[in-house]
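User: I am new to this structure and would like a close look at a single part of it. Please start with one residue and work outwards from there.

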Amino acid sequence: MNSPASRERLGLVLGFIGVVIFGGTLPATRIAVSQIDPIALTSLRTAIAGLCSAALLAVLRRKPPPRALWLQLVIAMVCVAVLFPLLMSLGMQRVDASHGGVVLGVLPIATALVAVAITHERPRPLFWIASVAGAALVITFALRQGGGALVAGDLFLFASVAVAAIGYAYSGRLTSQMPGWEVISWILVIALPLSIPAAILTMPADITHVALKPCLGLLYVALFSQWIGFFAWNAGLAMGGIARVSQIQLLQPFVTFALAAIVNDETITLQILLFAAAVVVTVAVSTRTRARPVPAAPKQDREPPQLAAS
């Protein structure tokens, strides 16, 4: 059971579990925003996950991160725990979850671009070609779906991709200093002074009037998308190897499509599948052609495994 092969298999399984969890984020958000305001959803999502994180860190008696890491944690917090879920929720009010799955499919490329900027990598030319191609495909898809114009939902989703890429790049960088689960937990704890007051001020006046499905959607994005999914994903990266496990993330748009069809009763058209497949190809190419910095930077300056898109 402790052989390298079995450890790698377990890593692949954990990585797949993480991808399935993250793949359910858009369908669950789509359900939740049907009755919960996006600002309230973001506040409640972050507050619930933050309180759970605080309890876990206290039980395990984890020491606060060094002061030198706090700026990176705050940047990641603003992006991952505030702006990304808010912008994504606003987008899900306006477009289908399957539509959002195609747009957010380019997030790994966006994260890689931010990582290249902050770690001074020099990728091969093919990386840049694949990145531009991926972005062009997503914009083309949005224009076709919007009848030749970008709709408000697309603009919110594009903005969510941008801020998530920054947050995930900094979060991934921090995993060289502490375990991935601890990174996301401290990010959520740091957000508590913002998320708890915001949740109290914005939550529905009578929560009992919110139907069961939106409430379940809220709990899903709070406990799984915002928190537990990172546990499985980062453990999978550590056990199965970054190169192999990270490729599983290419399945995430298709997990979203399957769940959107089941949970949201959405129709997945051939156009959606073809555009998603093309985006996945560009992500795969960009991942395989990305190079490490030369010369190698000190450990704290190298970009470690990125957090998956939630």
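Does Phe-230 count as buried or exposed?

Analyst: Phe-230 counts as buried, at 0% relative accessibility. Buried here means under 20% relative accessible area, exposed means over 50%, and partly exposed covers what lies in between, with a 1.4 Å probe and protein chains only. The model is predicted, so local features need pLDDT of at least 70 and side-chain atom pairs count only at pLDDT 80 or more, while totals for chains, interfaces and linings use all residues. Residues are numbered from 1 along each chain as its sequence is written, and side-chain values use heavy atoms, leaving out hydrogens and water.

The ring of Phe-230 leads to the aromatic pairs. A search of the whole structure finds nine of them. One is the pair of Tyr-168 and Phe-230, which is tilted, at 6.5 Å centre to centre and 55° between the planes. Tyr-168 lies in helix α8 (residues 152-174) and Phe-230 in helix α10 (residues 212-240), so this pair ties together parts that are 62 residues apart in sequence. Rings of Phe, Tyr and Trp (its six-membered ring) pair if their centres lie within 6.5 Å; planes under 30 degrees apart count as stacked, over 60 as edge-to-face, and the rest as tilted. Helices (H or I, at least four residues) and strands (E, at least two) are DSSP runs, numbered from the N terminus. Tyr-168 is buried as well as its partner, with a relative accessible area of 1%. An edge-to-face case is the pair of Phe-254 and Phe-257, so classed because the ring centres are 5.8 Å apart and the planes stand at 90°. These two residues are three apart in helix α12 (residues 252-263), which means that about one helical turn separates them. Phe-254 is partly exposed, at 30% relative accessible area, whereas Phe-257 is buried, at 3%. Back at the starting point, ring pairs link Phe-230 with Phe-22, Phe-84 and Tyr-168 into a cluster.

Next come the charged pairs. The whole structure contains two salt bridges (a side-chain nitrogen of Lys or Arg within 4 Å of a carboxyl oxygen of Asp or Glu). In one, Arg-30 is joined to Asp-96, with the closest N and O atoms 3.2 Å apart. Arg-30 lies in helix α2 (residues 25-32) and Asp-96 in the loop between α4 and α5 (97-104), so parts 66 residues apart in sequence are tied together. Both ends are partly exposed: Arg-30 at 25% relative accessibility and Asp-96 at 35%. Arg-62 forms a salt bridge with Glu-182, and here the closest N and O atoms are 2.7 Å apart. This pair links distant parts of the chain, with Arg-62 in the loop between α3 (38-59) and α4, and Glu-182 in helix α9, 120 residues apart. Arg-62 is partly exposed, at 35%, whereas Glu-182 is buried, at 6%.

Helix α4 holds both a buried residue and part of a surface patch. Ser-89 is in helix α4 and is buried, with a relative accessible area of 2%. Leaving aside neighbours within four places in sequence, Ser-89 is in contact (heavy atoms within 4.5 Å) with Thr-29, Val-33, Pro-38, Leu-41 and Thr-42. Val-74 is found in the helix too, which spans residues 70-92, and is partly exposed, at 33%. Together with Trp-70, Val-78 and Leu-83, Val-74 forms a nonpolar patch on the surface, with about 270 Å² of accessible area in total. Patches are made of residues with over 30% relative accessible area and no salt bridge; like charges are joined within 9 Å, and nonpolar side chains (Val, Leu, Ile, Met, Phe, Trp, Tyr) within 5 Å. The areas come from the Shrake-Rupley method with a 1.4 Å probe, and for residues only the protein chains shown count as cover.

Pro-204 sits in the loop between α9 (180-202) and α10. Pro-204 and Gln-35 are 169 residues apart in sequence, yet 9.0 Å apart in space, C-alpha to C-alpha. Not counting residues up to four places away, Pro-204 touches Leu-44 and Val-210.

Last, the cysteines. The search finds zero disulfides (pairs of cysteine sulfur atoms within 2.5 Å). Cys-52 is in none, and the nearest cysteine sulfur, that of Cys-215, is 16 Å away. Cys-52 is partly exposed, at 27% relative accessibility, and Cys-215 is also partly exposed, at 21%.
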